[in-house]
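Please open the structure in your viewer and keep the sequence beside it, so that each selection can be followed in both. The tour moves from one stop to the next.

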Amino acid sequence: MHIEIDEISKQFGTTAALHPVSLSIPSGALVALLGPSGSGKTTLLRILGGLEFPTSGRVRFDGQDATALTVQDRRAGFVFQSYALFRHMTVFDNIAYGLNARPRASRPTMAEIARRVTKLMELIQLPGIGARYPGQLSGGQRQRVALARALAIEPRMLLLDEPFGALDAKVRKELRQGLRDIHDTTGLTTVFVTHDQEEAMELADLVVVMSMGRIEQIGKPQDIRARPATPFVRDFLTA
Amino acid sequence: MSDAATRCFRPATGEPPAARRALIGLAFAGLAVLVFAPLAAVFAEALADGLGPSLKSLASPDARAAVRLTLTIAAISVPLNAVFGIAAAWFITKFDFRAKAFLITLIDLPFSVSPVVAGLCIVLMFGTDSLVGGWLVAQGRPVVFALPGIVLATMFVTFPFVARELIPVMIEQGRAEEEAALTLGASGWRTFRTVTLPNIRWALLYGVLLCNARAMGEFGAVSVVSGKIRGQTATMPTTIEMLYQEYLPVAAFSLAAVLALLALATLLLKTALELRHADQLAAAHRH
């Protein structure tokens, strides 16, 4: 799905989290929102997911205005920074949550839900952990379960907030490839937020460098490396 | 040698056996003096003349009316306070707004205001001399010296219990799980039912039990608004006091023993639930 962000701004009280920013994300792209903390990257992601509403500007999905679309109607698969798995539910129930939440008319049968959950657990390479609780999983496993839960709703796009932030270096590298693979298999337009420039450069097709609520540069990783558009981008990349 | 060895393997946070015994002994002594001894005294006094007179006093219409009234009050005010408490805790923890600190202070108000003052406030607001009270009395629905007033007084006094238990738990849990449920397509009500409520159920249960214990035991505010009409508006605590004042120790302590048993039953219920759901509790805490 093609995502268009048109002059979006966000004001929290008197502070501006986002100055009007515009960005066009081609269908099927894997995009990194890269910037230090407070750069507005998470706010932008949450606006895409429908968890925050912009103060001004429009969001368009495939050319259709989606600015006023509720969080439920956006069908954005969202992976939270600390994964936000439902701690009182098993892995199976976590992944099945979105399917069970559908209105009765469009809800798959129990058997169909079980089949899909099993398939998703295979996709994240954790077959057979359906009966466990989130508290019994490692950080990397939790992240993959969160990804499966987001994919279960057959989302129109995948949004990830610092998906590798809470993991150690080795697991981080493995899961990076995992996300790339899942993106390539599903073909979903994917946006992830990170403060780690190496991660952004290695994983993304398109990198959006942000600072202080503004977009500093948009481009392919190699282009941004070769030709930083502003002093901020140059400093951030060499830091 | 063996003594040195045991000392070596003692965990860093452990205490020497002597200190441990002393601490445990101190805790038990405190409990014995403050909790067990008075409780035993109540039962001893109640059964001073044997079981017969005690049961006979409990079977009197006034005593039975008092038990019924107290249970009715708890049955009305505890569920309402559970709902209000959840609503208040939800509002305070899931939204950001300017008057938040003020609202939290307001929730604590019943703890800091004397129950007698609270009772007087209700009398002032709903008494026959007041505008609202006068009108209600004219409609044949008096608040003061009647059930509505007693329920109001009880609810005021027990309001903070549920909210106070829930707020820290809900703050600690944050909003991420609810947000996740919403992005997965769940409605607000479904999110509350399947995510929020299961996450707070133990705190909620604890708050409800405390609220219940206090609702049944409330004396100050209720004695002001109830008028203590025997057989009609006298609750268990107020009846106990009246009986005691009338030099009827067996009747007073028998009713007191029933009140204590009701509280003990609440605690047993809580323990039973905790034992039965021990695995879920552990799972919830590990995350």
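A helix here is a DSSP run of type H or I with at least four residues, and helices are numbered from the N terminus. Keep in mind throughout that this is a predicted model.

Begin by selecting B:Arg276, which you will find in helix H13 of chain B, the helix that covers residues 249-276. Is B:Arg276 buried or exposed? B:Arg276 counts as exposed because 10 other C-beta atoms lie within 10 Å of its own, and the cut-off for exposed is 12 or fewer. Now add B:Asp129 to the selection: B:Arg276 and B:Asp129 are 147 residues apart in sequence, and their C-alpha atoms are 53 Å apart in space.

Next, show both chains and look at where they touch, for 20 residues of chain B are in contact with 21 residues of chain A. On the chain B side, select helix H9 (176-183), helix H10 (188-217) and helix H14 (278-286), the elements that each give two or more residues to this contact. Among them, H9(B) gives the most, with 7 residues. If you colour this side of chain B by class, you should find 10 nonpolar, 6 polar and 4 charged residues.

Finally, turn to chain A, where 4 strands form an open antiparallel sheet in the order S2-S1-S4-S5. Select strand S2 (15-25) and strand S5 (64-65) of chain A, the edge strands, each of which pairs on one side only. Then add strand S4 of chain A (residues 56-61), which pairs with S5(A) in the antiparallel sense over 2 bridges, and end at A:Phe61, which stands opposite A:Gln64 in S5(A).

How values were computed
Residues numbered from 1 in each chain as written. Chains lettered and ligands numbered in written order. Predicted model: local features only at pLDDT ≥ 70, side-chain atom pairs only at ≥ 80, totals over all residues. Contact = placed C-beta atoms within 7 Å. Nonpolar A, V, L, I, M, F, W, Y, C, P; charged D, E, K, R; others polar. Pairing = 2+ DSSP bridges. Buried ≥ 20, exposed ≤ 12 C-beta atoms within 10 Å, placed from the backbone.
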